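The exercises below are meant to be worked with the sequence and the model side by side. Please try each task before reading the solution that follows.

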Amino acid sequence: MANKGPAYGLSREVQSKIEKKYDNELESRLVDWIIAQCGTQVGRPAEGRLAFQLWLKDGTILCQLINSLHSPGSQPVKKIQSSTMAFKQMEQVSQFLKAAEEYGVSKTDLFQTVDLWEGKDMAAVQRTMMALGSIAVTKGDGFYSGDPNWFMKKAQENRRDFSDEQLQEGKNVIGLQMGTNRGASQAGMTGYGRPRQIM
């Protein structure tokens, strides 16, 4: 991992496209949310993708974030410890990802551990944080801290119960996708079998 040289050719183009997806405004919003959610003891990183990556890289802040979205006693990450060993840091990031999935973040919204640890795709890290924030706002269980306008609320089920009479009435209505029968009449049509009058 440490002996990785610069990318050339197609690899370079792909990496540059991935890096263009990173949003600096979104970074500052996510930093503000993490500080509001976890407290000021987590500190504030300098601006920029590299500083944001180094701030989150060891996984301790991510684990504090996911724990802050749960009630005390039901926190998913039991042991958070700062470590300089790479495998310990990656393990904590993996614990965050597992807890985020259990919280409701879909697998497609989760980043890979190496995306953060090696800084390969920090835009994916931002997407995961956005999805986590959206679910936290949508749940509305009182554990979310920060401005609720920072994240979009997820769509929720709006179940409707219809009576049998209403369901029967609905069967008699012609849906507008099939067209309409209004204005359809046989007025002005000639009788069948007679030739058309051309004048």
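Helices here are DSSP runs of type H or I with at least four residues, and they are numbered from the N terminus. The model is a predicted one.

**Exercise 1. Take stock of the fold.**

Task: State how many helices and strands the protein has, and what share of its residues counts as buried.

Solution. Begin with the secondary structure: the protein has 8 helices and 0 strands, and from the N terminus on its elements run α-α-α-α-α-α-α-α. Next, turn to burial, where 33% of the 199 residues count as buried. The accessible surface amounts to about 13900 Å², and 51% of that surface belongs to carbon and sulfur atoms. Finally, consider how contacts are spread along the chain: among those between residues at least 6 apart in sequence, 55% join residues at least 24 apart.

**Exercise 2. Describe the packing of α2 on α7.**

Task: Determine at what angle α2 and α7 pack, and which residues make the contact.

Solution. Two packed helices are described by the angle between their axes and the distance between the axes. Helix α2, residues 24-38, and helix α7, residues 122-139, pack at about 50°, and their axes are 11 Å apart. That angle makes α2 oblique to α7, since it is neither under 35 degrees nor within 65 to 115 nor over 145. The crossing in which α2 passes α7 is left-handed. On the α2 side the contact is made by L26, E27, R29, L30, W33 and I34, while α7 contributes Q126, M129, M130, L132 and G133. Sorted by class, this contact of α2 with α7 comprises 7 nonpolar, 2 polar and 2 charged residues.

**Exercise 3. Compare two further helix pairs.**

Task: Work out which residues meet where α3 packs on α7, and which meet where α2 packs on α4.

Solution. Take α3 first: this helix, residues 49-56, packs with α7 at an angle of about 60°, the axes being 11 Å apart, and the two are therefore oblique to each other. Their crossing is left-handed. In this pair, R49, F52, Q53 and L56 of α3 meet M122, V125 and Q126 of α7, and the classes of the α3 and α7 contact residues are 4 nonpolar, 2 polar and 1 charged.

Then take α2 and α4, which pack at about 60° with axes 9 Å apart; that makes α2 oblique to α4. The crossing of α2 and α4 is left-handed. Here W33, I34, Q37 and C38 from α2 meet I61, Q64, L65 and S68 from α4, and the contact of α2 with α4 has 5 nonpolar, 3 polar and no charged residues.

**Exercise 4. Place Q126 in its surroundings.**

Task: Decide whether Q126 is buried or exposed, and list what this residue touches.

Solution. Q126 lies in helix α7. Its relative accessible area is 2%, so Q126 is buried, the cut-off for that class being under 20%. Once neighbours within four places in sequence are set aside, Q126 is in contact with K21, Y22, D23, L26, E27, L30 and F52. Q126 takes part in the contact of α7 with α2, and Q126 also belongs to the α7 residues that meet α3.

**Exercise 5. Contrast L69 with K88.**

Task: For L69 and K88, find where each residue sits, into which accessibility class it falls, and which residues it contacts.

Solution. Start with L69, placed in the loop between α4, residues 60-68, and α5. At 1% relative accessibility L69 counts as buried. Apart from neighbours within four places in sequence, L69 is in contact with W33, Q37, Y103, L132, A136, D141, F143 and Y144. The C-alpha atoms of L69 and Y103 are 8.9 Å apart, although 34 residues separate the two in sequence.

Now turn to K88, found in helix α5, residues 86-103. With a relative accessible area of 27%, K88 is partly exposed. With neighbours within four places in sequence left aside, K88 is in contact with Q81 and S83. K88 and G59 are 29 residues apart in sequence, and their C-alpha atoms are 9.0 Å apart in space.

Notes:
Residues are numbered from 1 along each chain as its sequence is written. This is a predicted model: local features need pLDDT of at least 70, side-chain atom pairs count only at pLDDT 80 or more; totals for chains, interfaces and linings use all residues. Side-chain values use heavy atoms; hydrogens and water are left out. Axes are lines fitted to C-alpha atoms, for helices over the stretch in contact, and angles run from 0 to 180 degrees between N-to-C directions. A crossing is left-handed if the near helix is turned anticlockwise from the far one by less than a right angle, and right-handed if clockwise. Contact means heavy atoms within 4.5 Å. Ala, Val, Leu, Ile, Met, Phe, Trp, Tyr, Cys and Pro count as nonpolar, Asp, Glu, Lys and Arg as charged, and the others, Gly among them, as polar. Buried means under 20% relative accessible area, exposed over 50%, partly exposed in between (1.4 Å probe, protein chains only). Accessible areas come from the Shrake-Rupley method with a 1.4 Å probe; for residues, only the protein chains shown count as cover.
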